[in-house]
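Reader: Could you take me on a close look at the ligand site in this one? I'd like to know what lines it and how it sits in the rest of the chain.

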Amino acid sequence: MLLPVVLIGSAGVLLFGYLYRLTKPQKSDPPCPGSDPIIGSFRYLERPLYRFMSERFARDHLVLFFLGPTRMYYLNSYAAFREAMVDNAEALSGRVTQKPIELLIGSNGGLVGTDGELWKQYRRFTLHTLRDFGLGRRGAEHCISLEAEELCSEIATRGGSEAIDVNLVLGRSVSNVICQLVFGSRLASDNPEFERILDAFNEFTANPRFQEENFKALAFLPISSRCTPLMRLLLKLPGMQGIIEKMNYLLDFCQQQVEAHAAEMPEAGFSEARDYIEAHLKHQQLNQQTDDNGADLFTNKRLGMAILDLFLAGTETTTTTLRWALIYMLANPRVASKVREEIRQHLGVQGRVCMADKAKLHYTMATLEEVQRLASLVTNGLTHRVTADIQVAGYKIPANSYMMYNMYYIHRDPDQFPEPDCFKPERYLDSESRFQASQRLIQFGAGKRACLGESLARMELFIFFVSLMQRFDFRLETDDCSASGGGKIVDQATRAQALLDYVDPEHLLVLIRHLPSYKLEFTEL
Ligand code: HEM
């Protein structure tokens, strides 16, 4: 009787000792806010994380905290960010395991959450396909220009009589661009269901719980990924249920689109693919015929997951940046009138906007750059898994630890951006007032996992922003400013030099730096 008790007791002590050591920072580690045995640093992290790291570790390039036994390295300076993401790009190309997704839907997949061969193949296929549809050439540009015209005429028609919720109209226009590339139609306008779908997408990316749950999941991962019953149990926790329901709803929607396309596919396959889904189905068919390497990687289920990722990564980000752009124009009327003057001088009042206009609109380009710096949209970046032992900022980082970065603080480094909270497009103008892009802005990340939609996003931001500024003046709807929070934003902005930082302090982490909803009254110029 005594022997089993002693054995179990000793095993317990050994396990505790092992976990204790795993959650204890060593002398050779970067600074750490604190860590409790077994559970790690949760108690020491303050909200929002990017602000806590900027204030508490202002002078540190790299910070370490523990999520249970999982090591999370936080890049807190541009130098450390570059050293990790660019100089060690291959080792930083990992993501968190997809075991939970596999358990839930029976397959891994997508563009954002996978790594290894599956991710490489899908990323390459997606980049090629989007390029074939005119990313960087005329196709996508033409489609964005048309959407911008639709947007302006809707605002011109409705704007005379009512204040407009810009999130809704911008969200629809931005979604239509991806809808056309992926589905080959303007589903966001044509399908009455789409507003619900858009809401679900927004909630998914903007939901701070998503990030919190992600952290908790990381804390359990070393054990749960080796123990399927425990993983199943964790997925049943109340916090996870809402996220899972939303994900299933969105995946069902994407899968329906795939099936509708597949049903229309001629037996000989599509001769020329008109959208992403057709290109994928064609690719699958070719792979099967040639029995190519990696043929079994491309499946209908994974196609649905890739589409979901294109929407998740590509709609809310672009829409929210545009909303920041408009609110910054309200807070900085002098900048807004210079932008309008430049646009009207070069393009006139109605001329259609195209990417070639970038070369003429130096001040406008600088303004958009400054919007993106201050918006710092994906505040903590996305989580990367380190796939091999590396060295960053003089510290050894072991394989299979994780890494995030402080986009917010890197964009506000006073040595690089003097008076960092001030809105100053002049930062990006040379002595002849020509636009010079900053090498220090990391709004799209960098390295192997840099944003896959960067060119598309830049096109959308430019064409939508210039079109709106060219045609309209706008102001916040006065009546429900306090209800919408809009009044507070501009008030804060004018008093505190554009300190437009509306983040609910209750949120530990924020995936996308959000704005409260606001309505604008538009006047056609
Ligand atoms: C202003 C708009 C946008 C911003 C600020 C933005 C920002 C980012 C950032 C910071 C990342 C993570 C990089 C990292 O892992 O370190 C990312 C990844 C990604 N973005 Fe964007 N993005 C934008 C628009 C788009 C658009 C329009 C698309 C789709 C067409 C898109 C598709 C993706 C994808 C698929 C990834 C994952 C790439 C990978 O893991 O290999 N993004 N984006």
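Author: Here is a walk around the ligand, starting at the metal and ending with the domains.

First, the ground rules: this is a predicted model, where local features need pLDDT of at least 70, side-chain atom pairs count only at pLDDT 80 or more, and totals for chains, interfaces and linings use all residues. Residues are numbered from 1 along each chain as its sequence is written, and side-chain values use heavy atoms, with hydrogens and water left out.

Let's begin with the iron atom of the ligand: its single donor from the protein is Cys451, through SG, 2.3 Å away. Donors here are N, O and S atoms within 2.8 Å of the metal (3.2 Å for Na, K and Ca), and water is not among the atoms, so sites may look incomplete. Cys451 sits in the loop between helix H18 (407-410) and H19; helices are DSSP runs of H or I with at least four residues, numbered from the N terminus.

Cys451 is also among the closest of the 25 residues around the ligand, along with Arg95, Arg123, His384 and Tyr405. To make that list, a residue needs a heavy atom within 4 Å of the ligand. The shell splits into 13 nonpolar, 8 polar and 4 charged residues, with Cys and Tyr counted as nonpolar, Arg as charged and Gly as polar.

Now for the polar contacts, meaning pairs of N or O atoms within 3.5 Å. Tyr405 puts a polar side-chain atom 2.5 Å from a ligand oxygen, Arg123 does so at 2.7 Å, and for Trp119 the side-chain N or O atom is 2.9 Å from an oxygen of the ligand. As for elements, helices H5 (116-132), H14 (300-314), H15 (316-331) and H19 (454-471) each give two or more residues to the shell.

Zooming out, the shell draws at least three residues from each of domain 1 (17-99 + 378-411) and domain 2 (107-376 + 412-477 + 487-524), bounds that come from an automatic or database domain assignment. The C-alpha centres of the two domains are 26 Å apart. Their contact (heavy atoms within 4.5 Å) takes 43 residues from domain 1 and 44 from domain 2.

Technical notes: Polar contact = N/O pair within 3.5 Å; in protein donor to acceptor, adjacent residues only side chain to side chain.
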